Amino acid sequence: MQYSKIIGLGHAVPQTIVTNDDLSKILDTSDEWITERTGIKERRFFDPEIEGSLAKMAKKAADMALERAGKTKDDIDFVIFASITPDYFFPGSSVLLQRELEMDTIGCLDIRNACSGFIYSLSVADQFIKTGMYKNIMVVGGEIQSTAIDLTDRGRSTAVIFGDGVGVAILSASEEQGILSTHLHAEGKYAEELYVKDPGSSRTKEERQPEQILDTSGFKVYMNGNMVFKHAVVRFQEVIEEALNQNNLSASDIDMLIPHQANLRISKFIQSKLGLPDENVFNNIQKYGNTTAASIPIALSEAWGEGKIKEGDLVCLAAFGSGFTWGSALIRW
């Protein structure tokens with residue numbers, strides 16, 4: 001049987017570091033308030049004059065991943081890009097990354113599952129490889145949230161959370177087990193608990209045309225934080241246990257858990273429920289904030305680069321976010 005295996009990882013983040021103290025100068029907040037509620041100390045904000053675009057940042061991450069994998073862009077036969085903040089409303093950023101990398105006419109796919117986007121993308125890539133359709137797939141999670149953040153007291157609850165960045169994984173066909181299983185879920189009745197309403201298509205022409213829009217509040221992130229937290233702590237644990245049960249494994253078998261970096265309190269709660277020691281859980285939300293679809297691949301790239309993931313390790317990825325959507329992946333490294 002053919003399996004899919006992650007053979008290379010890369011990431012890129014903007015140069016501009018924004019600390020909690022920086023935000024406290026323009027918002028009614030403080031380092032203590034943000035740290036206590038989220039665990040975040042700083043995040044990176046995109047500057048178009050420095051980074052250029054999401055696709056250009058993604059190219060840097062892709063170049064790193066290809067080099068680490070010992071592959072070239074000509075070896076890749078499919079690109080999957082998870083993002084809810086593409087460079088354009090359409091087309092998605094997958095074709096823009098293809099252009100940046102000067103790839104041939106390979107297929108490109110965009111996935112818009114927010115914080116769960118990378119897990120969903122990984123699962124799609126896994127199926128393509130297992131069926132023999134493709135041999136080497138580039139899976140990307142990337143976001144630029146900072147340019148849409150409401151940096152006023154009205155938007156404080158979300159302004160302190162989000163950051164920007166890109167993570168890339170190269171999946172290749174292998175005779176050895178890599179991705180053991182992936183598990184995907186959604187519950188659309190909670191879609192409006194964490195969403196950006198506009199520019200949505202289900203509007204009258206008068207409401208949708210930009211020159212007619214005076215109230216831009218629909219373009220800002222709305223999040224019912226308590227609702228998201230309550231569901232996240234349940235769904236994280238459920239989907240991790242689902243993956244373990246399917247593979248006849250237990251939490252004690254996990255060598256490294258990399259949860260979506262949404263909130264350090266959520267990660268610590270899940271760690272406690274699973275009974276995992278600190279060295280078996282990787283968190284970097286402290287320095288990057290919540291980078292949505294990019295958070296897991298950035299963390300995975302850093303953990304692997306720092307030698308915290310070794311060959312033969314059992315790695316568990318899990319995410320929860322807007323939709324609500326959630327998922328997990330269990331990987332034998």
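Okay, let's start at a loop: N248 lies between α8 and β11, which runs 256-259. This is a predicted model, by the way, so keep that in mind throughout. N248 has a positive phi of about 55°, and it is not a glycine. Is N248 buried or exposed? It's exposed, with a relative accessible area of 73%.

There's another residue of that kind, E102, in the loop between α4 and β5. E102 also isn't a glycine, and its phi is positive, about 55°. For E102 the relative accessible area is 62%, and since the cut-off for exposed is over 50%, E102 counts as exposed.

While we're on backbone oddities, let's do the cis peptides. One is the bond from F90 to P91, with omega near 0°. P91 sits in the loop between β4 and α4, the helix at 93-100. Another cis bond goes from G323 to F324, and there omega is near -25°. You'll find F324 in the loop between β12 and β13.

Those two strands bring me to the inside of the protein. The largest nonpolar core has 40 residues, and I240, I254 and L257 have the most contacts inside it. Which elements feed it? At least two residues each come from α8 (225-246), α9 (264-274), β12 (314-321) and β13 (325-332). The largest share is from α8, with 8 residues. Take I240 as a way in: leaving out residues up to four places away in sequence, I240 touches I254, L257, I270, L274, C316, A318 and S328. Apart from that core there's another one, with 31 residues, including F78, I119, A125 and A319.

Now, the pockets. The largest has a volume of about 1,100 Å³. It's lined by 40 residues, and the closest to its centre are I84, T85, P86, R112 and V196. Strands β4 (78-82), β5 (107-111) and β9 (194-195) each put at least two residues into that lining. By class, we get 22 nonpolar, 12 polar and 6 charged residues.

The second largest pocket comes in at about 460 Å³. Here 24 residues make the lining, with I161, M223, G225, N263 and R265 the closest to the centre. And here α8 turns up again, giving the largest share of the lining, 6 residues. Helices α2 (31-38), α8 and α9 and strand β12 each supply at least two. The class split for this lining is 14 nonpolar, 8 polar and 2 charged.

What about closed space? The count is 1 cavity of 30 Å³ or more. The largest cavity holds about 40 Å³, and its lining is A148, I149, D150, T158, F162, K220 and V221. That's 4 nonpolar, 1 polar and 2 charged residues.

Last stop: D164, in the loop between α6 (156-159) and β7 (165-174). Its relative accessible area is 0%, so D164 is buried. Who surrounds it? Setting aside neighbours within four places in sequence, D164 contacts V13, P14, R44, F45, F46, E143, I144, Q145, S146 and T291. With S146 there's a side-chain polar contact of 2.5 Å. And if you want a distance to check on screen, D164 and T147 are 17 residues apart in sequence and 9.4 Å apart in space, C-alpha to C-alpha.

That's my tour, thanks!

Terms used:
Residues are numbered from 1 along each chain as its sequence is written. This is a predicted model: local features need pLDDT of at least 70, side-chain atom pairs count only at pLDDT 80 or more; totals for chains, interfaces and linings use all residues. Side-chain values use heavy atoms; hydrogens and water are left out. A nonpolar core is a set of buried Ala, Val, Leu, Ile, Met, Phe, Trp, Tyr and Cys residues joined through side-chain atoms within 4.5 Å. Buried means under 20% relative accessible area, exposed over 50%, partly exposed in between (1.4 Å probe, protein chains only). Helices (H or I, at least four residues) and strands (E, at least two) are DSSP runs, numbered from the N terminus. Contact means heavy atoms within 4.5 Å. On a 1 Å grid over the protein atoms alone, a cavity is a set of points where a 1.4 Å probe fits but cannot get out, and a pocket is an open set with protein on both sides within 12 Å along at least five of seven lines; lining residues have an atom within 4 Å of a point. Grid points are joined across faces, edges and corners, and a volume is the space filled by probe spheres set on the points. Ala, Val, Leu, Ile, Met, Phe, Trp, Tyr, Cys and Pro count as nonpolar, Asp, Glu, Lys and Arg as charged, and the others, Gly among them, as polar. A polar contact is a pair of N or O atoms within 3.5 Å; within protein, one must be able to donate a hydrogen and the other to accept it, and residues adjacent in sequence count only if both atoms are side-chain atoms.
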